[in-house]
Amino acid sequence: MSDRSATPGSKTNQLGIVTLTLMTAALFLTLRNMPMMAATGLQMVFFNAVTVFAFLIPIALVSAELATAWPRNGVFHWVEEAFGTQWGFTAVWLQWVQSLFGITSILSYVAASLAYAFDPRLAHDRYFIVAVILAVYWAATLANLRGTRASGLISSVCLGAGVLLPSAVLIALAVVYVGQGRPVHLDLAPTLGNWLPLAHPQQSLVLFLSFIFGVVGIEVSASHAREVRDVRRNYPIAVFAAAVLGFVVTLAGGLAVAAVVPKAQLDLVSGSVQALQALFDTWRLGALVPVAALLVALGAAGQVSTWVVGPVKGLWAAGCAGNLPPALQEVNAQGVPRNLLLVQALAMSAVALVFLLVPSVDTAFLLLTSAAVVLYAAMYLMLFAAAIRLRYAEPDTPRPYRVPGGRTWGLWLVAGTGFVTTLACLLIGLLPPGGGVSEGVYAPAMLSTLALMLAVPLLLNRLRRPQWRMATE
């Protein structure tokens with residue numbers, strides 16, 4: 001199914017179901033989360049169930065309704081319709097700014113995986129990590145300047161070759177490994193404490209954020225809604241297909257990693273490549289480790305490529321409504337907001353310096369993940385609240401897809417569940433992730449970061465000028 005760059009509304013040049021499914025899955029499907037899932041042992045089954053039923057499904061259902069009723073500009077337009085431009089801009093700003101932290105953590109995973117292709121010791125070299133982060137991100141930025149067609153192609157190729165293929169190999173070899181009666185490092189004891197986070201709840205809850213972070217972003221694909229062929233039919237199909245694909249692959253992969261890598265030796269950043277190395281060494285296939293490491297790094301780089309342009313499109317749409325200066329509204333010949341992409345690249349480069357300031361790569365990874373989840377949680381609270389408000393404020397707006405369950409009670413149940421889960425994630429994000437991080441400093445620092453990131457869009461809204469909007473018109 002081919003897609004060509006074109007203006008929105010050109011029926012022959014829009015995204016089809018397959019491409020949109022792969023682009024959506026590329027936003028969150030990765031081997032990156034499997035090591036942290038494996039670190040929770042069999043509790044990953046419980047955490048995965050909570051993630052899917054209390055978080056992923058509510059987001060998918062609500063996003064499908066909002067995207068088919070208001071198929072333009074994603075989060076910005078949805079929250080704007082419900083609460084006004086000021087809060088719409090704040091929501092999309094949070095969605096964008098969290099990506100700076102989230103992408104940096106993903107890129108650290110790219111670097112750690114890439115290290116296994118050369119020297120595994122480099123996975124803990126902070127300077128190597130930062131160098132790879134900067135090189136890959138700037139390369140992805142330049143690639144995305146070529147437009148949606150290039151972005152979709154990159155996402156599809158990288159997802160297939162760098163995520164689905166290595167995941168299939170990992171899961172298949174783990175099944176053979178276990179079937180041959182080799183040592184299994186996953187504790188299978190049928191005790192309540194082995195299945196539920198009862199013994200060390202704080203540590204388990206912090207790791208639970210990695211499950212949540214593993215599926216955030218499914219709504220970002222709505223920024224491409226105007227480029228989707230038959231959006232009211234195809235968007236919900238693509239979103240649900242991506243959600244199912246992500247759940248099955250990540251849970252099976254997490255179990256595979258836990259089965260073959262001892263918990264005490266598990267690296268939270270590069271554990272998936274560790275598992276592949278252990279499996280290859282079992283059958284004397286160690287020569288394949290560099291190839292696998294390159295593919296895994298390629299898959300994560302593809303995810304970064306998708307994230308580079310997705311949130312920026314929403315922020316650009318908000319800017320075109322008069323929330324950003326004219327210079328940040330400019331687009332190139334392919335319709336890509338060039339200046340915003342470059343500003344984003346510079347901001348992300350600054351965030352990458354966290355790895356030079358924090359003693360441990362693992363600690364820096366957890367800090368960035370927690371910061372991304374806290375900021376994203378604030379946005380999701382607005383998203384769920386907007387969906388409920390719009391059912392009452394604009395009940396007659398056609399909704400080709402509606403969250404099932406009567407006129408309102410189904411939406412209250414689904415969006416309410418998502419809202420409560422999101423609020424819990426925000427609070428969990430205030431718990432120190434360990435690794436020598438001071439408890440007295442961590443929570444105030446996270447709250448200050450959230451307050452600052454909320455204040456910036458509100459301040460920009462007060463500074464906006466009429467000519468900012470006129471520039472776009």
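A nonpolar core is a set of buried Ala, Val, Leu, Ile, Met, Phe, Trp, Tyr and Cys residues joined through side-chain atoms within 4.5 Å. The tour of this predicted model begins with such a core and then moves to the chain as a whole, the surface, a loop and the salt bridges.

**The core**

Select V62, F89, L107 and Y380 to start. Within the largest nonpolar core, which has 162 residues, these four touch the most other members. Next, colour residues 361-393, helix α15: this helix supplies the largest share of the core, 24 residues.

Then centre the view on L107. Leaving aside residues up to four places away in sequence, L107 touches I133, V136, Y137, V304 and M348.

**The whole chain**

Zoom out and display the protein chain as a cartoon. The chain contains 18 helices and 0 strands. Its C-alpha trace spans about 65 × 50 × 45 Å along the principal axes. The radius of gyration is 21 Å, which agrees with the value near 23 Å for a compact globule of 473 residues.

Colour the residues by relative accessible area. Buried residues account for 58% of the 473 in the protein chain. Of the contacts between residues at least 6 apart in sequence, 81% join residues at least 24 apart. Now switch to a surface representation: the accessible surface is about 18000 Å², and 67% of that area belongs to carbon and sulfur atoms.

**A nonpolar patch**

With the surface still shown, select Y127, L353, L356 and L357. Together they make a nonpolar surface patch of about 450 Å². L356 is part of helix α14, residues 354-357. L356 has a relative accessible area of 32%, so it counts as partly exposed, the range between 20% and 50%.

**A buried glutamate in a loop**

Hide the surface and go to the loop between α9 (201-213) and α10 (231-260), where E227 is found. Is E227 buried or exposed? Its relative accessible area is 16%, so E227 is buried, the limit being under 20%. Add L15 to the selection: the C-alpha atoms of E227 and L15 are separated by 5.8 Å, although the two residues are 212 apart along the chain.

**The salt bridges**

The whole structure holds 4 salt bridges. Select E65 and R391, whose side chains meet in one of them, at 2.9 Å from N to O. E65 lies in helix α3 (residues 43-69) and R391 in helix α15, so the pair ties together parts that are 326 residues apart in sequence. E65 is buried, at 2% relative accessible area, and R391 is buried as well, at 5%.

Move next to D119 and R121, which form a salt bridge with the closest N and O atoms 3.0 Å apart. D119 is partly exposed at 22% relative accessibility, whereas R121 is exposed at 67%.

The next pair to select is R338 and E330, where the side chains meet in a salt bridge of 3.2 Å, N to O. R338 is partly exposed at 29% relative accessibility, and E330 is partly exposed with a relative accessible area of 38%. To end the tour, return to E65 and R391 and add R399: salt bridges that share partners join E65, R391 and R399 into one network.

How values were computed: Residues are numbered from 1 along each chain as its sequence is written. This is a predicted model: local features need pLDDT of at least 70, side-chain atom pairs count only at pLDDT 80 or more; totals for chains, interfaces and linings use all residues. Side-chain values use heavy atoms; hydrogens and water are left out. Buried means under 20% relative accessible area, exposed over 50%, partly exposed in between (1.4 Å probe, protein chains only). Helices (H or I, at least four residues) and strands (E, at least two) are DSSP runs, numbered from the N terminus. Contact means heavy atoms within 4.5 Å. Patches are made of residues with over 30% relative accessible area and no salt bridge: like charges are joined within 9 Å, nonpolar side chains (Val, Leu, Ile, Met, Phe, Trp, Tyr) within 5 Å. Accessible areas come from the Shrake-Rupley method with a 1.4 Å probe; for residues, only the protein chains shown count as cover. The radius of gyration is taken over C-alpha atoms; the globule rule is 2.2 Å times the number of residues to the power 0.38.
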